[in-house]
Amino acid sequence: MLLRSEWTVGLSHTVRDAKFNLGVESKLALVNRLDATGQRTPLTTEALLGPSMQIRFTPATRLDLAPLVGLTNPAARSKILAVFGYEF
């Protein structure tokens, strides 16, 4: 069983009048597992960092992209977060 606590932080700036935003995003996770005897393994730290961007196609639709790169050995080499949103 995987036990995980995660924190995600992002900061962005509007580049073009509510149409395009650029920023930076980071993710920090503290992860451990339960071994066969039911004991927790030592915590490992996974840290990822990368740029983020948001494109607004219309006032109601947007696409958020954040390609993140792993900064620690236990972290994935890369992870891409993508969200398509529609506000109604």
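Is Met 1 buried or exposed? In this predicted model, Met 1 is exposed, with a relative accessible area of 68%, and the legends below begin at that end of the chain.

**View 1. Met 1, in the segment before strand E1.** Met 1 lies in the segment that precedes E1, and because its relative accessible area is 68%, over the 50% that the term requires, Met 1 counts as exposed. The C-alpha atom of Met 1 is separated by 15 Å from that of Thr 44, although the two residues are 43 residues apart along the chain.

**View 2. The salt-bridge network of Arg 4, Glu 6, Lys 27 and Glu 46.** Side chains of opposite charge can pair when their charged atoms come close. Arg 4, Glu 6, Lys 27 and Glu 46 are linked here in a network of salt bridges, and the count for the model as a whole comes to 6 salt bridges. Within the network, Glu 6 pairs with Arg 4 through N and O atoms that are 2.4 Å apart at their closest. Glu 6 is partly exposed, at 36% relative accessibility, and Arg 4 is likewise partly exposed, at 36%. Arg 4 also forms a salt bridge with Glu 46, where the closest N and O atoms are 2.8 Å apart. This second pair links distant parts of the chain, since Arg 4 belongs to strand E1 (residues 2-16) and Glu 46 to strand E3 (residues 44-58), 42 residues apart. Glu 46 is buried, its relative accessible area being 12%, which falls under the 20% limit for that term.

**View 3. The salt bridge between Glu 87 and Arg 56.** The closest N and O atoms of Glu 87 and Arg 56 are 3.6 Å apart, and the two residues form a salt bridge. Glu 87 lies in the segment after strand E5 (78-86), whereas Arg 56 lies in strand E3, so the pair ties together parts that are 31 residues apart in sequence. Glu 87 counts as partly exposed, at 42% relative accessibility, and Arg 56 counts as partly exposed as well, at 23%.

**View 4. The largest pocket and its lining.** The largest pocket holds about 180 Å³ of space and is lined by 14 residues, of which Glu 25, Ser 52, Met 53, Asp 64 and Leu 65 lie nearest its centre. Two or more residues of the lining come from each of E1, strand E2 (20-33), E3, strand E4 (61-70) and E5. By residue class, the lining of the largest pocket divides into 7 nonpolar, 5 polar and 2 charged residues.

**View 5. A nonpolar surface patch that includes Leu 49.** Leu 11, Val 24, Leu 49 and Leu 71 together make a nonpolar surface patch of about 380 Å². Among these residues, Leu 49 has its place in strand E3 and counts as partly exposed, at 39% relative accessibility.

**View 6. Gly 38, in the loop between E2 and E3.** Gly 38 is found in the loop that runs between E2 and E3, where it counts as partly exposed, at 45% relative accessibility. From C-alpha to C-alpha, Gly 38 and Gln 54 are 43 Å apart in space, while in sequence they are 16 residues apart.

Key
Residues numbered from 1 in each chain as written. Predicted model: local features only at pLDDT ≥ 70, side-chain atom pairs only at ≥ 80, totals over all residues. Heavy atoms only, no water. Salt bridge = Lys/Arg side-chain N within 4 Å of Asp/Glu carboxyl O. Buried < 20%, exposed > 50% of the residue type's maximum accessible area, 1.4 Å probe, protein only. Helix = DSSP H or I, 4+ residues; strand = E, 2+ residues; numbered from the N terminus. 1 Å grid on protein atoms, 1.4 Å probe; cavity = no way out; pocket = protein on both sides within 12 Å on 5 of 7 lines; lining within 4 Å. Points joined across faces, edges and corners; volume = space filled by probe spheres on them. Nonpolar A, V, L, I, M, F, W, Y, C, P; charged D, E, K, R; others polar. Patch = residues over 30% accessible without salt bridge, like charges linked within 9 Å, V, L, I, M, F, W, Y side chains within 5 Å. Areas by Shrake-Rupley, 256 points an atom, 1.4 Å probe, with all protein chains shown as cover.
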